[in-house]
Amino acid sequence: IILDQMTPGVADLRSHLRITGSHLDGELQGKLLAAFRASEHYIGKMIALSDVVENVPFATTVTLGCSPVVSVSSVKVDGEATDAYSVSDGVLVFDSTVSGSTVEISYRAGMETPDYDIVAAVLMHAASLVNNPVDHVEALPKASQNLLRPYRTYGD
């Protein structure tokens with residue numbers, strides 16, 4: 001997770017909890033990261049911007065493991081950089097001139113600007129982890145689930 005670009009951030013969580021000082025920021029950051037990850041697992045998509053590196057066997061079409069894909073920074077086939085590819089909807093397609101045995105793809109995935117209901121769900125879950133961590137370890141709070149439900153994807 002790219003901490004300086006998280007939306008919401010620790011300041012947003014502090015405000016949500018009505019905490020005026022920064023003395024709890026370390027704990028709040030941990031709860032916020034946990035809330036992001038739990039929300040991402042629930043909907044099956046990345047929320048927080050993250051840099052991802054995937055090493056996969058070569059195929060002419062590669063479905064990237066994290067979505068949504070924001071940008072691809074580099075692609076290497078057998079260790080050699082190439083720009084003979086296109087990316088659409090999280091699928092990388094090599095030109096017919098490219099072949100090899102391994103592919104390394106570096107890219108950024110996540111939501112540049114998450115929708116308000118996603119932000120609210122993450123903040124509510126993080127707040128519940130701060131206020132009552134024992135009761136909310138195994139599941140998202142119902143309110144967070146309800147806000148995230150429209151974004152949920154299910155396995156193929």
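## Strands that pair

Two strands count as paired here if DSSP finds at least two bridges between them. Keep in mind that we're looking at a predicted model. With that in hand, take Lys76: its bridge partner in β7 is Glu104. Right beside that in the list of pairs, Val77 has Val103 of β7 as its bridge partner. These belong to a longer run of pairing, since β3 (residues 69-77) and β7 (residues 102-109) are joined in the antiparallel sense over seven bridges.

β7 also pairs with β1, again antiparallel, and here there are eight bridges. One spot to look at is Ser50, which stands opposite Ala109 in β7.

## The sheet as a whole

Put the strands together and you get an open sheet of four, in the order β1-β7-β3-β4, with antiparallel pairing. What happens at the edges? β1 (50-57) and β4 (80-81) stand there, each with a single partner strand, so one side of each has no neighbour in the sheet.

## Two helices crossing

Now for the helices. A pair of packed helices is described by the angle between their axes and the distance between those axes. For α2 and α3, the angle is about 130 degrees and the axes are 8 Å apart. That makes α2 oblique to α3, a class that takes in this angle because only values over 145 count as roughly antiparallel and 65 to 115 as roughly perpendicular. The crossing of α2 past α3 is right-handed.

Which residues make the contact? On the α2 side, they are Leu28, Lys31, Leu32, Ala34, Ala35, Phe36, Ala38 and Ser39. From α3 come Val122, His125, Ala126, Leu129 and Val130.

## The nonpolar cores

Nonpolar side chains tend to be buried together in soluble globular proteins. In this model, the largest nonpolar core has 23 residues, and the members touching the most others are Leu13, Leu32, Ile43, Ile47, Ile118, Val122 and Leu148. Three elements give two or more residues to this core: α1 (10-16), α2 (25-43) and α3 (116-131). The largest share, seven residues, is from α3.

Leu13 is a handy place to start looking around. Setting aside its neighbours within four places in sequence, Leu13 is in contact with Leu28, Leu32, Leu123, Ala126 and Ala127. Some names come back here: Leu28, Leu32 and Ala126 also take part in the contact between α2 and α3. Apart from this core lies another one, of 15 residues, including Ala84, Leu92, Val98 and Ile105.

Key. Residues numbered from 1 in each chain as written. Predicted model: local features only at pLDDT ≥ 70, side-chain atom pairs only at ≥ 80, totals over all residues. Heavy atoms only, no water. Core = buried A, V, L, I, M, F, W, Y, C linked by side-chain atoms within 4.5 Å. Buried < 20%, exposed > 50% of the residue type's maximum accessible area, 1.4 Å probe, protein only. Contact = heavy atoms within 4.5 Å. Axes fitted to C-alpha atoms, helices over the stretch in contact; angles between N-to-C directions. Parallel < 35°, antiparallel > 145°, perpendicular 65-115°, else oblique. Left-handed = near helix turned anticlockwise from the far one by under 90°.
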